[in-house]
Each structure stands twice: as C-alpha cells, then as structure tokens.
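Open the structure in your viewer and keep the selection panel at hand. Each stop below says what to pick and what is there.

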Amino acid sequence: MSRLKTVGKLLFFIGIPMIPLAVFWFFPMFVSIWLSFTNWDYISPTFDYVGVENYTTTLTSADFYQALWNTALFAVMTIIPTIIIGLLLALLLRKGLKGETWFRAFLFSPWITPMVAMSIVWTWIYEPDVGLMNQVLGWFHLPQPDWLTDSDTAIWAIIIVTVWKNAGWAMLFYSDALSKIPNDLYEVSHLEGASGLQRIKTVVLPLVSPTTLFLAIVSAINAIQAYDQIQVMTQGGPSGSTRTLLYLYYQMAFEQFQMGQATALATIIVVFTMLLSLIMFYASKRWVHY
Amino acid sequence: MDQATKHSIPRYIVLIVLSMMMIFPLIWMLLSSLKTGEEIFAIPLKWLPDTPQWGNFPGALELAPFGLYIYNSTVTALVIVVFQVVLACMMAYALTQLQFKGKNVLFNSILMTYMLPVAATYVPSYVIVAKLGLLDTLAGIIISNIASVFCIFMIRQAFMQVPKEMVEAARADGANDVAILWKVMIPMSKSSIFTVALISFVQMYNNYLWPSLIVKSQENYLVTVGLNQFFTAQGTFSSQWPMIMAANVLAVLPLLLLFIVLQKWFIKGISDNGLKG
C-alpha cells in the first residue's frame, strides 16, 4: 500500500512536469538527431535515409565555415566586453553610494527591453547618413562607416548592441559576488599597502572567479543562440558576414525547408555547445577558486 | 562636503556618463518618436522636436493594431508563466524533498538541457505543434513554452534553503506532500518565486524567433512579431521613421513601467538567487 502511494506521489510530482519537458525538449532533441540522417523536406510525407551525407555536405560547405567563424568572432567579442564592463560597473557601484539604486536601474534597464524593438532603434542609430552614431563620429572627425550595409562592420554593429544589452545583467551578478567578499580581506590587503589595482588583481578577481565562469558559460550559450538582432538588423547579410551557425540553421530549416541538413547543423551546434561547456568546466578547475 | 563624498566625485562622474550611455538608445527612441519626418532627417542633428508630435502614436496605431499585439503578448506570457511556475514547483519539490532512484540522473538531464541551445529542438517541435493542430494559435506558443528549465533550477535553489525542521514539523503534524508544498515550501520561497516569474515573464514577452515561426495571421501576432513586420513593411519608406519609433515606444513601454514599479524585485532576485556555476 505504502509502495503504491510512493509511486503515485512520484507520478504526480515528477510525471506531470515531465510531460511538457519530454514532449518539447527531450523528445525533439532525439528526433532532431534522427532527422539529420534523412533527406526530409517538410513538404513530402516520405523520406529516405541518407547516412551521414547531411553531415559531410555541411562540413564541406563554405557557408558553414563562414558561419562558424562569424559565430566564434561574435561569441568571443561579446563575452569578453560583457564580462569586463559588467565587473567594472559592479566595482564602481560598490559600497552604499548615494543613488546606487538609480544607477543600478539605469545600467540594467537595457536587459528588460525586447531585443527586436531595440534592434530597430539601433538600426536607426546606425543609419549611415543621418544616424546618431555617424553624426557623433563626425564631430570627432572619425571615419563614418556604413555599419549595417558594409560586410566589414556589420558584425561589429551587432556585437555593440549585444554588449550594450547584456553588460548590466553581468553587473548584477558581479555586484552580488562582490558583496559577499568579507571586509577583512580588503582591510588586510589595505594594511599591506596594496594599491587599488593590486587589490582587484589579488583579492577581487580570484574571489569572483566562479561568477566569471558562470557568466562566460551562459554568455557563450546566449551568443550561440543570438537571433533577434541579426534577423532585424541584417538578416545575416551583407554577403553572409553576420550569418552565424544558428542563423544558417534557421535559413535552412524555415526558409529552404531542408530539414535533414538543418537538423544535422543543429546537432553540430549542440555538440559545440556541449564541448564548450565541458572545456570551460575543466579549464575552470585551474583558475576558479570556490 | 566631507572627505568621503569628495573622494567619490570621479566615481559619480563616470557612473553618470555610463548610465547616460546605457539609457541613451531609449531616450533617443522617445525623442525620435516625437519628431516630424523632416526633423528626424535633419543635418546637423536636431536633438529636440520643435513641437512634440504626439500624433505619431495614434498614427502608428492606425497602421497596425499594436494594442492587440501587446494584449496577445501579455496574455500569452502570463499564462505561460503560471504554468511554468506551477510545474517547476512540483518538480523542485520532488528534487529537494522526495527520495527516489534515478534522482541524480533526472537532475543531470535537466541540467544538460539548460546548457543546450533550445533552437536545436525547433524542427521537431514545429512538427509537434502542427500535429496538435495548434499552428497559428496562441495556444501553440503557450503549450510549447510551459516547460522551463530555468524556473525548475531557480525554484529548486530556493526550496533547498527552506529549513529542514519546518518540513519535519509539518510532516509530524500529519501534512501530506501537497500540503507541505503548498503551505511550507511555496510560502517560504515566495519572493524567489515571484522574481523567477517576473524574469520569465519578461523573457516570454520579448521572445521572438519561436513565436514568429508559429503565428502567421495578424490577429495572433505577438508584439515582437508585429513590430518586426511593421518595421519591414514601413522601413522602405524613410519618412515613416517617426511612426516606427512610436510603435517601438508602445512596445517597450509596458515592460519599462513594470520595471520601474518592480525594479527592486528584478535586481534583488537576480543577485540573490543567481545560479552559481
């Protein structure tokens, strides 16, 4: 009787929440891998197994390597500034400044706004002739690129928007980590005559390293999944210069309906993400202090 | 002026400059939405409109039903969040309070899911939504989003901090599991749960890629989908920029108001419950 009760209890507490999780997460994950070995085109009801053909096609296409490079560039160039700016903002905001809450709210507010809306605003800011960005650059006699229509600058324009949106979010995590550093540690280093910079290097950086690891992993996963800003601002162009792996996947699946190839690419993206998380976890053992 | 305040003047200046830079795109959006077509294209830059063109707002609403879009997004996000939180509370309860075989496997597979790009599931999920006959409906968006690994994690984190003695005391009083969840765990973690719900709401309101695949007809557009459609349709006519900015303001405003009112909860929540790597 009590055994039956236990089973019923588990079915209730685990079984019910597992249904949507299984239907829209676990099951699609496996189906996606299975589809990657077929040539399904979404429209026809039948399909053939094609072995690893989708993978070889993908891994030998120039589009894939261009997208891979774009993704790597985009990820590295958004993660590093987001983390550095986030930490700087948190350091600036420390110890009960007057107006702290207001500053924090201002700095964090970009994170609240929809990326689609903000990408439209930034498209206007980047407008080559009358946009704010180039007018301001003009005051300082700096070069005024065409931003979104120039294949050299388009990805940087998207990187700037992404960092702008996420820096305040990283700041909150660092603020929390900093508030947990015991005051004595500061005082000791102060007595030892450490300068501000030295103190950051020897006290702050090691103690916030778990936060840095966490932010690096989450930002990397977010960077791999970036879509909204690319869709609104450049649609992957000009000439594929802002097409990331995920955007390429979207185009294959939902513009060209090559489901086999698209799911093969999805599997590759998943493998990359897993490798990245694993590498970060193991690398972290060397420099993260818990 | 005392020594400490003097000392922090450079800090204030840097903070003010940085805060201005962060909110400037929002201010620029608002200013642009109040300009005439000529003012917005003025060279050199015209910071302020001569007379604020409030008419741009009704103008944008005439071109596309943004009220309806905002309503769709709000309702969809609310319903999703209610489901997400209830289901996550149940799962978090099992993960923290029940003993069973395979608990670690279950937890690790959920953890893995959190690391994976959700987009990788989109092709099969799309087919599932189609098979359920829910393409081009808000129900399709809702049902495919009610599982939230993020909520499960955050609520599990909160439940782990509930003192064991309280659970044991309730159990000694003869409370069953549903009662413990409802009367002990949830009340003890309500501020965390509220924050999780808030963050999830913002994410669902701002969600774009997946909803844009599911909904096709205008009456079902979420605000992000409607906004980008509007932008694509009007963007070719450069004189429409003030209208586009007005539409943007309308889309962002509900969230900004929510943030202004509940600011403390967002910030406190993210820093108190932040998932630690």
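Start with the two domains of chain B in this predicted model. Select residues 3-57 of chain B for domain 1, then 66-273 for domain 2, as the domain assignment gives them. Their centres, taken over C-alpha atoms, are 32 Å apart. Where they touch, domain 1 of chain B contributes 11 residues and domain 2 of chain B contributes nine.

Stay on the domain 1 side of that contact. Highlight α2 (9-33), α3 (37-40) and α4 (56-63) of chain B; each supplies at least two residues there. Which helix has the largest share? It is α2(B), with four residues. Colour this side of domain 1 of chain B by class: four residues are nonpolar, six are polar and one is charged.

Next, show both chains. Select the contact between them: 70 residues of chain A meet 66 residues of chain B. On the chain A side, α1(A) gives the most, with 16 residues. By class, that side of chain A has 56 nonpolar, 10 polar and four charged residues.

Now zoom in on one helix pair across the two chains. Pick helix α1 of chain A, residues 2-35, and helix α5 of chain B, residues 66-97. Two packed helices are described by the angle between their axes and the distance between the axes. Here the axes come within 8 Å and cross at roughly 130 degrees. That angle is why α1(A) counts as oblique to α5(B). What is the handedness of the crossing of α1(A) and α5(B)? The crossing is left-handed.

Turn on side chains for this pair. From α1(A), select A:L10, A:F13, A:I14, A:I16, A:P17 and A:P20. From α5(B), select B:L87, B:A88, B:M90, B:M91, B:Y93 and B:A94, which they meet. The contact of α1(A) with α5(B) has 12 nonpolar residues, with no polar and no charged ones.

Last stop: colour chain B by confidence. Its mean pLDDT is 87, and 93% of its residues reach 70 or more. Where in chain B is confidence lowest, and where is it highest? The low end is helix α1 of chain B, residues 3-7, at a mean of 60. The high end is α5(B), at 95. Where pLDDT is low, the predicted coordinates should not be read in detail. For the model as a whole, the scores are ipTM 0.89 and pTM 0.90.

Methods:
Residues numbered from 1 in each chain as written. Chains lettered and ligands numbered in written order. Predicted model: local features only at pLDDT ≥ 70, side-chain atom pairs only at ≥ 80, totals over all residues. Axes fitted to C-alpha atoms, helices over the stretch in contact; angles between N-to-C directions. Parallel < 35°, antiparallel > 145°, perpendicular 65-115°, else oblique. Left-handed = near helix turned anticlockwise from the far one by under 90°. Contact = placed C-beta atoms within 7 Å. Nonpolar A, V, L, I, M, F, W, Y, C, P; charged D, E, K, R; others polar. Domains from an automatic or database assignment. pLDDT = per-residue confidence, 0-100.
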